[in-house]
Structure formats: structure tokens, C-alpha cells
Amino acid sequence: MSTAIVKKIAIIASILIAIILLSVGCNFITRERPNPNISNPDGSFITYGNITITREALYNRVKVLEGVNHLLNYVDEILLADYIDAVTQEELDKELLIIKFGTDDLEKIDEFTEAELEEIEKNYRLTLTMAGFNHEDDEEVDRFIRLAIAKRNLAIDQFIADLDANEETSFAEELKDYYEKNYRGDAIAIELIFNSATEYERVLRHHNLVPSYQGGIGLYFGETPLANVARENLNDTNTRKLEIEEVFSYYIILYNYLYPYRDALDETLVMEDLDAFTADYFNFNYNEMRKTNVASSQATYLFDTLKLDDDTALNYAIRDRQYTQASGNTGFRSMIFKLSQEELADFDELDEETRDDIEDKFVKSLVNQNRINQTIVNLRKESGFKIHDTLLAMSYDAVSNATSTYYEENRDKTILASFDDFEVTVDDFFGYMVRRVGALHAIELYKEGDLIQGEHFEALYGSNRNFSQNNSQLMKDHRAIIQAERQNFASGAYMWYGFSPQQYTWREFLYLYYGFASDEDLVQWLVMQNLLKYLAFPNIDFERAIPYVNEQHENYFSLRVEHIVIFVDFDRDLAPDDFEEYLEGLDESGLTTYNFLKAQLETLLLQAVEDGQSLQQIVTEYNSALRGTNASDDDFSKWAMFKNYGFRLKFENLSTDNQDLNYRNTGNFVESYVENLQRIYEAYSQEENKDAATHLDDRIFTTQFGLHLVRARKGTNFVQPSAAFENENGTHDSVWENDSDIPSVQQMEAWAAREFDKLQNQGVTTIPIPESVDTALRTYFGPYHNRMYNNPQENTDFFGNLITIQTLMDANVEFSMENAHLQNRLLALKDLYEMLVFPDIKED
């Protein structure tokens, strides 16, 4: 398959991968079945200069690329009118949060960083604008959301009705069953969390405890230190199995040992003394634990594996369990002693709010997007839905997994689709699509027409703009690509994707797989890939690039970074608490203690590095250390006072796979961290440090995640590039001369011309440039430049469309219908493309 054609898949909005395994043959595209068409097809939609976009051209483009989506929305808004009207404001507000943030949990939303929120806003605007809705218009946003909610609500109602119609069960019975399987009464337990497997082993050994001994926990009483006794030598002569009451007592002893920063438990407590365990960290809720992937496996173990009042099972862990998450082992280990578990309340006794919440979760667990889609497909089918256009019918048959076609020929060529007693005319549907995406596709068509009519087309293809009669070499190459694809299709190369040449014609395959209605459409797409670069290069605004270039130069750094993070985790979720909030909550005495310990820890960490330990070795030693603070104790550790305070340590390599950190790729880091990386880079660059293989920061700094000690290595481009060039020997063109380290507009223009020359000549150029200047321009100006056109499948369209919009707006071009509405759409698209194309500049 041609790589040029493969790229098309990424940009066709209506690509129909759902066609896979579709068994229905089509054979729709025939001369005997002309499709309905709009009235006045040759009428102008917009005209500027010698280019006219006809109504028919716009209609066919939108129909091919995304027509089925708009048709289904048009039909569904009618079929679901009652459901749409019934959507509540509460549902709208909740759905908007989910669409925008991926969650309606306000606490999670508050945790997003500024950079993440900026990206979320960008994606939200892109989603709505490209779908034809104004993100700033509440009514349009409302309409965008209501249909999705209405579809889901219908699917839920149908799901409930199907259950109630089942003679063997009912919705109420299934809901209760779901509740009993997925909910548990709250539990009280002592959980011991160890920083590492080594710490777990050392702590138990320090207390002469033997895990997994004779089906329980053993107490060693031999004379030889336990650390020196092999496991196979532990027996009744030196170890005895603890009774459950003794195990409980030792759990309390271990708890007090591991958590000296919490209120100590009375070591004389018995298991019935539940009033002593009212603190949050002794109380566990099954569903709250299951919300986090780290604690989810522990929830099953605590609530289901550990048993109370069961002679065949234990209510406590006899050895450690590993905490895991989606990315693998966290390193943390846990032991749990379960004291009690409430009986699960009868479902009927729950309050209404709780029952509603459970019902909502139950329904969502079963009414997924596939069920919603199938429900809507069934609704359309029950309404007698038929499509009278072959292309749209093919698309719908594919996305609906139809076992028989929804196509039905209609002698009235003004009717596009029908259902119940309703007929969708082509003109009504065209008007609907125009309001949604008419402006977007009109500027695309104008842009393409302008390029095909322009001088660059002639330079590449000659003067004949009839593609079928153009015999230029490039055009012949395009035809060869298509012919090769024809042969691939005919030989069965796409049967694995559900496209058998016995079931589909070439044109059907071309439409369903690639999104082209004809060979000519495919040829034009190939032509455009060669022409788009000519639209970008002459329109680059180099003056506009100056703030971006200055920002890149001013904030430059190139480092490979590893660090120790010192954090606290008092909410026991095995993730750093918000450190800034933690500090704000300290009183004067607490802050004094914190500052003292921070200074002491900083001294020890820096000394450990000076003594030759790596950051990772330090963290491993820290997490394995015992808790004794007296030098004479056998469990003494220099790290004990910090662990007893609640400081946790973890090591992170932020430059995995030798990835350099720089100003551009740390945009999602917290700002204070990036500022410290810049400070470290500046220190590393000093004369006394610049030859060192690594550079250890001379201080610990604070972010919302905790305290950080950074060790850096030089990045690939550690020495900051300079655009300064004197050209003393006159060996290069004067355009490269510059007294400043920062690239000049003249240099940017010349460099862009050189890159354009390479683009036209398969990456080769004969235009010489000083290597140092090339590096500086590629570093400071390159990312800005590349957004204009270096990636044709993304930013050329955006930048090209932005140029086209400005051209049409400057000429006050009017649309022949919905002009005021579409002018507003142009402004919205212009703002969107500006946001997508031009890099953000951080304000001081």
C-alpha cells in the first residue's frame, strides 16, 4: 500500500473501521441508481476571484466526509425529541464536566495542573468547534450535550424494560444482586505498610517474628540472632506459633513502631476494644478503596479473603502482600489484621440518595457505549428508517453493523431519507449541515481550488487542470499509486479487513475504507499533499515568531535529570499529599520541627552523595532502614528520625531512554520545578562546574509534590546554542550574520527558505549555513516554524485554513446562505486555528 494513501486514514473523519467483518455486499454505486441532489446545484455558495464553490461541491464534500454523522444527528434529534426535552440541568452540568475533564469529580478536577487545564481547554474547544458548535454559546453547547444524554437515557430505559420483561428476573432483583456482589459493610482493621520488602523483613526480624510459620506467625526465642538462622532451621526448639490474641498484640507493637507520628495504641488492648480504633486510618470502605488502582486489590483481600468467625480461614495476614498498580509494583508492602466488618445493610433499608447512586453505578456498568449505539440503531430500525442515497446508506450499513441494507431507492430525488411519516429533504439536510460545518468545508474547498489554480500547480503538473487528461510525470505517478491499490484490492489484499472483491466494487471499497467517492477525489488528495507546502511558506509571519524565539532562548536548558522526592502520605493512598497544603497546615511549633528535620535531612543526603552513593542507593537504604533513634539500639538508623516524622522517599529518573529535559518538553511540569531546573542548568554551566560529568544541586527545593534533590547530567545540547555569527572570512551569505545570540528575523527568513528548499528536494539542499547558526535556529525557531507546515496531516491544514479564512475575511466574502451565522463560524475557526498553530507564550 502506498504510504501516501495510508496517511489519508488519519485525517478522514468518517473512516469506517467498523466495516471489519461486515458481511453485507453493497453494489450500490451504479449508474442506474442516481442519488438525490440539492436544488440549484450550480449555484454559488461563495465566490472570490476566479474561484466559485458551488452548492453541489460543498454538499458532496460534507456528505462524503461526515454526512452520515450529521444525518443521524438530524434524525435522532427528531426521534428523541421527548427525551431531549426531559434532560435536566443537573444532567447537563454533569455531562459537561465529563466531556471537558473526563470526570465529574470536582476534587480530581481541582488537582489538574495549569498546563493540563490549558490542554483540556484546547481539546474541548477543538471538539466542539470541529463538530460545528460554538463553545462560548450556552445554547449550542446545550444542544451538543443533550442528544448524547438523551441517547443514554433511552438505552437505560430500554435496559430496565428488557429486564422487567424477563420472566426469570427483574430490574429490581438484578439491582439488589449487583449491590450484594459489589458492596460490603465497612471494616475496622490495622494495616501495616512497609516502604519496601527489605524494610518488611527487617522490621519483623527485629521483633523476632517469623511470617508464614505453621500457617500463622511465629515468635522466635532462640539464642542465635534470627538474622543468622536459616528458614529451614526454624522449628519447635526455637520458634512457636502465636495464638491469635498474641498476633493482635504484635500487630499493635508493629503499628506503634511504624507510625510514631500517629497516636500510639495501648499495647494492652484486646480485639473487642473497637472504640480504640475510631481514627480514619483504621476504618475502611470497600468502594472507596476500589476507586484507586493501588488499593483495589487490597480491598478484595481485606473484605473477602480475610474472614471473621471462620475456623477455616484467618482474619489477619501471616505475611506481606505487594501493593500494585496499573504500571506494576509500587514497592510498598502491607499486612492487615481485620477486627470487624459490618453486615451489609439490606438494600431496601438504604436511603433514597444512596439507592439512586447504586442504581446509577449499576446501570453504567452495563449500559456502555455499545449498548447505547445498538439501542439507537434499533430505534431507527423500528421507525422504518431508510436512506435513499447510496453513499450515505453504505456508511450507515457499516457503522450500524447491518445484516441487511438500509438503502431504498426513492423516485423523488429531493428526498434523502425517511422514517415513520417523516421525510428528510436534501435541501433541509443541506441547510442543517451548512449551519454545523459549512464554513469549515467551504474554506477547505476554497483553499484547494486556490492552490490548483495557482502557479505552483503549473510548476509541478503543467497547465492542464483536468486531472484525467493531465500527463505530467507527477500525475502519472499518482495514477500508478491508484492502479497499484486497485490491483491490491482485486487480489484480495484487504479481505482480512472485510473487503472481498467478490462482495465490493473498487469504488465501494475506496469510499468505505479511504473516504473517497471516486478516483478523481483520491487524485486531488494526492495533488494537495504536494501543494500545501506552497501555501504555508510564503505566509509565515516571522515578526510574530520573535516573542516565542526570545522565550525559548531566555529559558533554555538541556539536562538529563534524576531526583529524590521527599514527600508525606498521611492520607495513606501511597501517593504524595499536597506538600504545600501540608506546610500551610503546620502551626508555629510544627513548622519549627519541620524546618529542623528538613535541614538535617538535607545535610545527610548531600553527605551520602559526597560519600559516593547514588540517589537510588540512598532511597533504597532509607526505605529499608529501621526506626531506632538511639545509637546504642540494635535497630538504630541515621534515617530513623525522618521516617518517624513521616517523611517518605522515592527515586525517579526523569530522563528514561536518555531523554533530555528542556524548556519545551517540560510544559506539563509544575512551574516551580522547571524554574529550579533552569537554576540548576545555570549553575552547571558555570566555569567551575561545566566539565563535571554530573552536577548535584546544592539545595533541596519545594513543589506541591514534596522536597526534591536533583542530580543532573548534561543534555545532548547542553551548551546553549548561539545565533551570533561574524562571517569573518566571508565564507557564507551575509544573511547569516548576527551580533546577537538570539536569531534575527533575517536569519529566520533565510533558514525557513532553506528548509523549504529541502522539503522540495527530498531533504537535500545546496544552500550552505554555519552549523552553529543552524543549531540555534532549529532550537529556538524550529518548533514554531514546523507548526506551519512540516506535518501536512496536522498543522498544514490548520495553518492553511487560517490563511484562507484571513483571505476571505479581508475580502468581505459573503456566503449565499446563513451568512451571519457562518461569519461567526469563521471567527470561531480562526480563533481555534490561532490557538492550535501558534505556540503559547508564558506571560511574566
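Strand β2 (residues 51-54) shows two faces: Ile51 and Ile53 sit on the covered one, Thr52 and Thr54 on the uncovered one. Strands and helices here are DSSP runs (E, at least two residues, for strands; H or I, at least four, for helices), numbered from the N terminus. This is a predicted model, in which local features need pLDDT of at least 70 and side-chain atom pairs count only at pLDDT 80 or more, while totals for chains, interfaces and linings use all residues. Residues are numbered from 1 along each chain as its sequence is written, and side-chain values use heavy atoms, with hydrogens and water left out.

The partner of β2 is strand β1 (residues 44-48); the two run antiparallel and are joined by four bridges, where pairing requires that DSSP finds at least two bridges between the strands. One of the contacts puts threonine 47 opposite threonine 52 of β2 as its bridge partner. Two residues lie between the strands of this hairpin, and glycine 49 takes a positive phi there, near 65 degrees.

Another glycine with positive phi, near 80 degrees, turns up at position 102, following helix α5. As for α5 itself (residues 89-101), its 13 residues should span 18 Å at 1.5 Å a residue, and the end C-alpha atoms agree, being 18 Å apart. The expected span is 1.5 Å times one less than the number of residues.

On to the charged side chains. The structure holds 42 salt bridges, each a side-chain nitrogen of Lys or Arg within 4 Å of a carboxyl oxygen of Asp or Glu. Lysine 643 and glutamate 199 form one of them, with the closest N and O atoms 2.7 Å apart. This pair links distant parts of the chain, 444 residues apart: lysine 643 belongs to helix α26 (residues 640-645) and glutamate 199 to helix α10 (residues 197-206). Lysine 643 counts as buried because its relative accessibility is 3%, and glutamate 199 is buried too, at 0%. The cut-offs are under 20% relative accessible area for buried, over 50% for exposed, and partly exposed in between (1.4 Å probe, protein chains only).

Aspartate 304 and arginine 184 also meet in a salt bridge, at 2.8 Å from N to O. Here helix α13 (residues 296-305), which holds aspartate 304, is tied to the loop between α9 (171-182) and β3 (187-194), home of arginine 184, across 120 residues. Arginine 184 is buried at 18%, whereas aspartate 304, at 23%, counts as partly exposed. Elsewhere, Arg61, Glu444, Lys447 and Glu448 are linked in a salt-bridge network.
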